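Work through the exercises below with the sequence and the model at hand. Try each task before reading its solution.

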Amino acid sequence: MELGFALPVSGSWATVDNLVRVATRAEELGYRSLWTMQRLLSPPDGSWGDAYRSVLDPITALSYVAARTTQVRLGVAVLNMPFFAPALLAKQLATLDLLSAGRVDAGLGIGWSAEEFAAVGADLAGRGKRADEYISLLRRLWTDGVVDHDGPHYRVPASRTDPKPVQAGGPPILLGGAAEPALRRAGRLADGWISSSRADLATIGESVQVVRAAAESAGRDPDDLRMICRGVVLVRPDQGERPLTGTVEKIKDDLGGLAAQGITEVFVDLNFDPAIGTPDADPAASMAHAESVLSAFAPAGA
């Protein structure tokens, strides 16, 4: 199973120096990938949780660390498609792929926050139905010499969209979502699936099976799909009942359990640790903890 690491994008530890340190250290230690997330707003009452109170823009953060790394892949889990016109997102991701020499993984979702939809002027209703057309159009914008698209939801007049991404066919598209239609969409259309921060890791294999079954029904090989888990890791002195919570040894055992459920990749995410991913945390202490965790879970052979 491949291991990645989430960049410091939430709270007080999301600084320039920490971004660079986590990115370069993770690459040195052999982690496969670095990850960001998207959150445009947070409610004044803090009801979404501390991890969403202050979040860096994901594409900008990845662009910054792309210039400071050479091999590690760069992922976002996830960008909400309704917040971008397809042509705009295609251009941004193609540019990042070009500048990073073909290292981008494009995690995409359909969003859930009514407040964020209102803030960007997007329609919350019917977002799932629009996703199929959006994904197809993204891939055309990344590959076709001329795109002329007039669909039920999106229009692109006959145009060239250059430069193209480095990766043939464009960055891999990895879909998020926990509802069954979202899982089936990932199996039908995407290169993989990404779990959310709130996924029940004890039963995540059930979601994996829905994705795989949808792929098989669509005539695709489910073994070609990546099954990625956002690993909300909470290193604590006791064992803990929740998967990925407790001692380092216990968490390593939990990683094996995720692999047994069909997960092919996990990225360690400290942004959802309540002691770290908040504007109120001590950034130096958060980074010291991250250094320890980076070393503790470094891929074998690093």
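The exercises that follow deal with helix packing, pockets, a cavity and backbone geometry in a predicted model.

**Exercise 1.** Describe how helix α3 packs against helix α5.

Solution. Two packed helices are described by the angle between their axes and the distance between the axes. Start with the ranges: α3 covers residues 86-99 and α5 covers residues 127-143. Their axes are 9 Å apart, at an angle of about 50°. Angles from 65 to 115 degrees count as roughly perpendicular and those under 35 as roughly parallel. The angle therefore makes α3 oblique to α5. Next comes the handedness: the crossing of α3 over α5 is right-handed. Last, list the residues that touch. On the α3 side these are Pro86, Ala87, Leu89, Ala90, Leu93 and Ala94, and on the α5 side Tyr134, Leu137, Leu138, Leu141 and Trp142. Sorted by class, this contact holds 11 nonpolar residues, no polar and no charged ones.

**Exercise 2.** Do the same for helices α1 and α2.

Solution. Helix α1 spans residues 16-28 and helix α2 spans residues 58-66. The two axes come within 10 Å and cross at roughly 60°. That angle makes α1 oblique to α2. Here α1 passes α2 in a right-handed crossing. From α1, the residues in contact are Val16, Leu19, Val20 and Ala23; from α2, they are Ala61, Tyr64 and Val65. The class count for the contact of α1 with α2 is 7 nonpolar, no polar and no charged residues.

**Exercise 3.** What is the volume of the largest pocket, and which elements give two or more residues to its lining?

Solution. The volume of the largest pocket is about 690 Å³. It is lined by 29 residues, of which Val78, Trp112, Gly176, Gly177 and Ser196 are the closest to the centre. The elements giving two or more residues to this lining are β3 (73-80), β4 (104-109) and α6 (180-189). The lining divides into 15 nonpolar, 9 polar and 5 charged residues.

**Exercise 4.** Which residues line the second largest pocket?

Solution. Begin with the space itself, which is about 160 Å³ in the second largest pocket. Its lining consists of Met1, Glu2, Leu3, Gly30, Arg32, Lys252, Leu255, Ala296, Phe297, Ala298, Pro299 and Ala300. Two elements, β1 (2-6) and α8 (248-260), give two or more residues to this lining. By class there are 8 nonpolar, 1 polar and 3 charged residues.

**Exercise 5.** How many cavities of 30 Å³ or more does the whole structure have, and what lines the largest cavity?

Solution. The search finds 1 cavity of 30 Å³ or more. The largest cavity has a volume of about 30 Å³. Its lining is made of Met81, Pro82, Ile110, Arg127, Arg130, Ala131, Tyr134 and Tyr154. These fall into 6 nonpolar, no polar and 2 charged residues. Tyr134 is also listed in the contact of α3 with α5.

**Exercise 6.** Where are the cis peptide bonds at valine 78 and proline 163, and where is the positive phi of alanine 101?

Solution. Take the bond from alanine 77 to valine 78, which is cis with omega near 0°. Valine 78 lies in strand β3, and Val78 is among the residues closest to the centre of the largest pocket. Aspartate 162 and proline 163 are also joined by a cis bond, with omega about 0°. Proline 163 sits in the loop between β6 (155-159) and β7 (173-175). Finally, alanine 101, a residue other than glycine, has a phi near 65°. Alanine 101 belongs to the loop between α3 and β4.

Technical notes:
Residues numbered from 1 in each chain as written. Predicted model: local features only at pLDDT ≥ 70, side-chain atom pairs only at ≥ 80, totals over all residues. Heavy atoms only, no water. Axes fitted to C-alpha atoms, helices over the stretch in contact; angles between N-to-C directions. Helix = DSSP H or I, 4+ residues; strand = E, 2+ residues; numbered from the N terminus. Parallel < 35°, antiparallel > 145°, perpendicular 65-115°, else oblique. Left-handed = near helix turned anticlockwise from the far one by under 90°. Contact = heavy atoms within 4.5 Å. Nonpolar A, V, L, I, M, F, W, Y, C, P; charged D, E, K, R; others polar. 1 Å grid on protein atoms, 1.4 Å probe; cavity = no way out; pocket = protein on both sides within 12 Å on 5 of 7 lines; lining within 4 Å. Points joined across faces, edges and corners; volume = space filled by probe spheres on them.
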